[in-house]
Amino acid sequence: MNSKRIGVSFLLQMVFYYLLVFGLTIYMIAFPAGYEMEIVENLIVSQLVNVVPVMLVIWIGRRKYRGEKIFRDILGFRRIKISTALMTVLYTFLLMPLTTLANAISMIFVDNTVAEMEGDILNVPFLIMFCVMAVFGPFCEELVFRGAFFRGFRRSGNIFGAILLSGLLFALMHMNFNQAAYALLLGIMMALLAEAAGSTVAPFIMHFVFNGQSVCLMYLMDKLSPELMEEGLEDYSMASGEMVMVIAVYLLLAVVCTSIAFCVVIWIAGNEGKQNFLQTIWASRKNGRERLWSVCLIIGMVLSLMFMILNAILSVFA
């Protein structure tokens, strides 16, 4: 993959997404009592919308990848040390206060998207939802965003730009401002981890742990305190004073834990034989052999932002 092919892939993702939403809307208008897509099917189809365009672009340009194995060389699914995998788990938990902080700040302006889906999620057996949200989803998203996109941008020589831009595309892919807020930070930190470990396996482990613990906590809370979950589903908003307190607490935790997380990712880089890890990334800003941006990429980003803005406006009047 190179920057132009990534741009085409992301634009196709947005086009497929628009076509899917438009098609489902027309169907619901035409057949109001007809078939309604369940949450599991919705999640699987949304991941296929991410993966299919990328694999299609790779397949069309396969002649340019002679001698390269798709999963190992193009998508970066290479073995990592067991110690790296274990430190990746620690890295994941250290970043949770940061993502919680971003989520809390975003909730001042928009609704919590995941909280709105909790009722539908909890109606599905735990094992099925765990496989979909903690295994299938992370694998598809890492294949695309840390595999094809980050590694594709990285080939330009601008590692710093590749980390930021792949993180931005990961945020825009969520198609709502709430998830985009913390997905941007997660995307950047997962790309940083992918660079440190030299493999897409590490961010997949991180993504698996992050989503897996969320699913487990959701079902555990429902079992231990169903009344609290029901109240939360009815009203998951907070008073302004409570929200300020949450933000203040998590701001302090995020500063401390994220600082430690940087130390962990530097250790991972050293463990995988990458010395002067952060210095190399910073110096790469001026080493780009090609532009990371393309016309198709910009159009795709605009389409994503348009959908997110429209969705936010409609939610206000819903």
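Here is a short tour of two helix pairs and one pocket in this predicted model.

Residues are numbered from 1 along each chain as its sequence is written. Local features need pLDDT of at least 70 and side-chain atom pairs count only at pLDDT 80 or more, while totals for chains, interfaces and linings use all residues, and side-chain values use heavy atoms, with hydrogens and water left out.

**Stop one: helices 1 and 2.** Select 3-30, helix 1, and 39-60, helix 2. Helices here are DSSP runs of H or I, at least four residues, numbered from the N terminus. The two axes come within 9 Å and cross at roughly 145 degrees; axes are lines fitted to C-alpha atoms over the stretch in contact, with angles from 0 to 180 degrees between N-to-C directions. Now show side chains: helix 1 residues including Leu12 and Phe16 meet helix 2 residues including Val49 and Pro53 (contact means heavy atoms within 4.5 Å). By class, this contact has 11 nonpolar, three polar and one charged residue.

**Stop two: helices 8 and 9.** Next, select 177-197 and 201-224. Their axes lie 8 Å apart at an angle of about 140 degrees, so helix 8 and helix 9 are oblique to each other (neither under 35, over 145, nor 65 to 115 degrees). Among the residues in contact are Leu186 and Met190 of helix 8, with Met206 and Phe210 of helix 9.

**Last stop: a pocket lining.** Finally, select Asn2, Ser3, Lys4, Glu290, Arg291, Trp293, Ser294, Val295 and Ile298, which line the second largest pocket. On a 1 Å grid over the protein atoms alone, for a 1.4 Å probe, a pocket is an open set of points with protein on both sides within 12 Å along at least five of seven lines, and lining residues have an atom within 4 Å of a point. Helix 1 and helix 13 (295-317) each supply at least two of the lining residues.

Conventions
Nonpolar A, V, L, I, M, F, W, Y, C, P; charged D, E, K, R; others polar.
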